[in-house]
Amino acid sequence: MAAVGIMGGTFDPIHLAHLSMARCAMEQYALDKVLFMPSKLPPHKKSKGISDEMHRCNMVKLAVEEEEGFYFSDFECRRDRTTYTAETLQLLQEAFPKDCFYFIMGGDSLFQMEQWFLPEEILRRAVILAVGRDGASNLQMQQKAKELCSRFGGSIQLVTMPQMQISSSMIRQKIRAGESVQQYLPGAVWNYIEQTHCY
């Protein structure tokens, strides 16, 4: 039986805070590995333009290839429609019934989780590892975790991580403004963006 972390998202692009979140979760909860799983068509971003799936996947592959215990997964991208976390976790459990899944999310997602599709199913099928990286205090995170578990059941654990003021939207804005974003990205991802002009 393996303890498997799931790091989902659009990764548009993947950046150093994503990797730090996964590493902190892995170390603090003794995960055997973390799967980086780009979303094909995230339900909460239907109305927003997201970058080509091929580029997002290529950047994730480059970001994790030198990181021990980190792996790219095309599990969601292989599906030809909007992907929901609850359904992904169900399919993963059916495919790997002996594994225990941990879903890694940022503080912003924790506070929006009630609006997700079938949050009770997510909490039933995975332990939530919530990383406070978006300005919420530890006390606020604890209170929200307690509220969600009281309402939906399951387990939500907090991950401590140094604050990193990095977001994919900020990186895209800086690129459009002609500013350097090299310091926010793994070197291979920066080189890929430079070579492909995908933003």
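Which residues do ring pairs link into a cluster? I looked this up before anything else: the cluster consists of Phe11, Phe36 and Phe70. The model is a predicted one, and I kept that in mind for every entry below.

**Entry: confidence**

I checked the confidence next. The chain has a mean pLDDT of 93, and 95% of its residues reach 70 or more. Confidence is highest in strand 3 (residues 70–72), at 98, and lowest in helix 4 (residues 107–112), at a mean of 92.

**Entry: aromatic pairs**

I then went through the rings and found four aromatic pairs in the structure. Phenylalanine 11 and phenylalanine 36 make a tilted pair, with 6.0 Å centre to centre and 45° between the planes. I noted where each ring sits: phenylalanine 11 is in the loop between strand 1 and helix 1, and phenylalanine 36 is in strand 2, so the pair ties together parts that are 25 residues apart in sequence. Buried or exposed? Phenylalanine 11 has 2% relative accessibility and counts as buried. Phenylalanine 36 is buried as well, at a relative accessible area of 0%.

The pair of phenylalanine 103 and tryptophan 116 is edge-to-face, with 6.2 Å centre to centre and 85° between the planes. Phenylalanine 103 belongs to strand 4 and tryptophan 116 to the loop between helix 4 and helix 5 (119–125), so this pair ties together parts that are 13 residues apart in sequence. I compared both with the cut-off, which is under 20% relative accessible area for buried. Phenylalanine 103, at 7% relative accessibility, counts as buried. Tryptophan 116, with a relative accessible area of 23%, is partly exposed.

**Entry: the sheet**

In what order do the six strands form the sheet? I read off 3-2-1-4-5-6, with parallel pairing, and the sheet is open. Strand 3 and strand 6 (156–159) are at the edges with a single partner strand each, so one side of each has no neighbour in the sheet. Neighbouring strands of this sheet are turned by 30° against each other on average, direction ignored.

I followed the pairing around strand 5 in more detail. Strand 4 and strand 5 are paired in the parallel sense over five bridges. Isoleucine 104 has leucine 129 as its bridge partner in strand 5. Strand 5 (residues 127–131) and strand 6 run parallel and are joined by four bridges. On that side, leucine 129 has glutamine 157 of strand 6 as its bridge partner, and alanine 130 has leucine 158 of strand 6.

I also looked at how covered strand 5 is. Five of its five residues are buried. Side chains in a regular strand alternate between the two faces of the sheet. In strand 5, Val127, Leu129 and Val131 point one way, while Ile128 and Ala130 point the other way.

**Entry: helices on the sheet**

Which strands does helix 1 (residues 16–28) lie across? I listed strand 1 (3–9), strand 2 (33–38), strand 3, strand 4 (100–106), strand 5 and strand 6. Helix 1 runs at about 150° to strand 2. Helix 3 (residues 85–95) also packs on the sheet, where it touches strand 1, strand 2 and strand 4. The direction of helix 3 makes about 155° with that of strand 4.

**Entry: helix 7 and helix 8**

I finished with two helices further along the chain. In helix 7 the buried residues are Ser168, Met170, Ile171 and Ile175. Seen down the axis of helix 7, these residues fall within an arc of 160°, so they line one face of the helix. They pack against helix 1 and helix 8. After helix 7 comes glycine 178, with a positive phi near 80°.

For helix 8 (residues 187–196) I found Val189, Trp190, Tyr192 and Ile193 buried. Why are they on the same side of helix 8? The reason is that they cover an arc of only 160° around the axis. The buried residues of helix 8 pack against helix 2 (53–64) and helix 7 (168–176). Histidine 197 follows helix 8, and its phi is positive, near 55°.

Technical notes:
Residues numbered from 1 in each chain as written. Heavy atoms only, no water. Buried < 20%, exposed > 50% of the residue type's maximum accessible area, 1.4 Å probe, protein only. Helix = DSSP H or I, 4+ residues; strand = E, 2+ residues; numbered from the N terminus. Arc of directions from axis to C-beta. Contact = heavy atoms within 4.5 Å. pLDDT = per-residue confidence, 0-100. Pairing = 2+ DSSP bridges. Axes fitted to C-alpha atoms, helices over the stretch in contact; angles between N-to-C directions. Phe/Tyr/Trp six-rings, centres within 6.5 Å; stacked < 30°, edge-to-face > 60°.
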